[in-house]
Amino acid sequence: MSQSVYVGIDLGGTSVKIGVCNESGQLLHKYEGPTRAKAPADEVVRDIANYVRAAVAEASFTWDQVAGVGAGIAGMMDLKSGVVKLAANLGWTNVPIRQMLQDELGKPVGIDNDANVAALGEAWSGAGAGLANVVCFTLGTGVGGGIIVDYKIYTGFHGMAGEIGHLPSIIDGTGRTCGCGLNGCLETIASATGIIRSAIEAVEDGQATSMSNGPIDSAKVVFDAAKSGDAVAMRIVRDAGHHLGRAMATLTVVLDAERFVVGGGVSAAGEILFSPIREAYAKYTVAALRESVQIVPAALGNDAGVIGAAGLMIGG
Ligand SMILES: [Zn+2]
């Protein structure tokens with residue numbers, strides 16, 4: 001019998017990444033092509049289908065060996081009907097992407113949002129490999145999340161489960177307004193955007209910090225200052241870590257996850273961020289769940305998206 005393969009699509013605003021995986025989530029081949037974001041959706045879908053066929057051919061598999069195709073998309077989706085309700089970076093509203101891809105490819109297709117598929121990728125063959133219950137945090141421009149329960153993405157009633165960036169974190173009304181319209185959400189403090197904003201506010205407030213000597217245009221500027229002992233930067237990083245750890249403690253009593261995986265650009269900060277996360281987690285977690293739950297960095301980097309998208313098609 002020839003081996004079955006699963007194809008994952010990571011559909012972004014500038015490029016489409018394709019990954020061909022085996023049934024254990026090993027990435028066998030990668031392919032990338034441009035996204036014609038200004039083109040009509042049916043043309044973009046035709047491009048994607050061509051990339052998928054090219055990726056499978058390049059990897060020396062036959063089309064018959066493709067057991068399923070999954071796609072991760074940044075946007076709001078109706079998972080039941082397989083329709084992208086809104087994908088701002090593609091300029092899409094109400095695109096029935098699952099049906100369109102199925103028609104083009106003649107294969108079963110699954111879709112989910114980018115944060116969920118990245119979480120599934122990490123749980124399938126990355127930092128949560130082999131575990132049934134994993135929660136992933138993606139720390140980037142915002143704070144994204146994905147919840148894996150019994151090896152599957154938990155989507156919730158509206159498909160909105162895992163929006164952990166909007167956990168209430170500053171609850172006394174002194175927090176910043178979030179993109180979602182609420183006040184004091186986790187991502188207003190712990191995303192790259194939130195960390196940069198905290199640093200700029202500290203400088204504007206006249207606090208003594210080395211960060212006032214140059215532009216604060218990335219979270220890395222803040223992490224580098226913290227690593228060199230800048231007290232203001234250290235406080236900002238500790239604060240971000242504290243709120244992340246407390247959010248994990250909140251989630252752990254609800255989900256009883258086995259492991260928290262932290263990825264995204266901000267997670268590259270390393271121990272300086274992970275140490276306050278673990279401290280806050282220990283402080284706010286019930287004793288029975290304190291020692292057994294690990295908080296670890298993501299392992300798959302940018303490949304998590306294509307691997308997790310392929311994983312949408314694994315049954316069981
Ligand atoms: Zn929010």
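**Exercise 1. Salt bridges**

Task: In this predicted model, how many salt bridges does the rule count, and where do D42 and R46 lie?

Solution.
1. The rule arrives at a count of 10 salt bridges.
2. One pair to inspect is D42 and R46, whose side chains form a salt bridge with an N to O distance of 3.6 Å. The cut-off is 4 Å, so this distance qualifies.
3. Both D42 and R46 belong to helix α1. They are 4 residues apart there, about one turn of the helix.
4. As background, side chains of opposite charge can pair when their charged atoms come close.

**Exercise 2. An aromatic pair**

Task: Why is the pair of Y31 and Y51 classed as tilted, and which parts does the pair tie together?

Solution.
1. The structure contains 3 aromatic pairs.
2. For Y31 and Y51, the ring centres are 5.9 Å apart and the planes make an angle of 40°.
3. Planes under 30 degrees apart count as stacked and those over 60 as edge-to-face, so the pair at 40° is tilted.
4. Y31 sits in strand β3 (residues 27-34), while Y51 sits in helix α1 (residues 41-58). The pair therefore ties together parts that are 20 residues apart in sequence.

**Exercise 3. The domain interface**

Task: Describe the contact between domain 1 and domain 2 in terms of area, residues and polar pairs.

Solution.
1. Domain 1 covers 5-123 + 303-311, and domain 2 covers 130-299. Their C-alpha centres are 28 Å apart.
2. Domain 1 contributes 11 residues to the contact and domain 2 contributes 17 residues.
3. About 1,100 Å² is buried between the two domains, with carbon and sulfur atoms giving 59% of it.
4. On the side of domain 1, N116, E122 and A123 lose the most area to domain 2, together 43% of what that side buries.
5. Across this interface the rule finds 0 salt bridges, and 1 residue pair is in polar contact, both residues at pLDDT 80 or more.
6. Helix α3 (residues 114-125) supplies 7 residues, the largest share of the side of domain 1 that touches domain 2.
7. Sorted by class, that side has 7 nonpolar, 1 polar and 3 charged residues.

**Exercise 4. Positive phi**

Task: Where are N94 and D256 found, and what is the sign of phi in N94 and in D256?

Solution.
1. Most residues other than glycine have a negative phi.
2. N94, not a glycine, has a positive phi near 50°; N94 is in strand β7 (residues 92-95).
3. D256 is also not a glycine, and its phi is positive at about 50°. D256 is in the loop between α7 (231-255) and β12 (259-263).

Notes. Residues numbered from 1 in each chain as written. Predicted model: local features only at pLDDT ≥ 70, side-chain atom pairs only at ≥ 80, totals over all residues. Heavy atoms only, no water. Domains from an automatic or database assignment. Contact = heavy atoms within 4.5 Å. Buried area = accessible area lost by both parts, 1.4 Å probe. Polar contact = N/O pair within 3.5 Å; in protein donor to acceptor, adjacent residues only side chain to side chain. Helix = DSSP H or I, 4+ residues; strand = E, 2+ residues; numbered from the N terminus. Nonpolar A, V, L, I, M, F, W, Y, C, P; charged D, E, K, R; others polar. Phe/Tyr/Trp six-rings, centres within 6.5 Å; stacked < 30°, edge-to-face > 60°.
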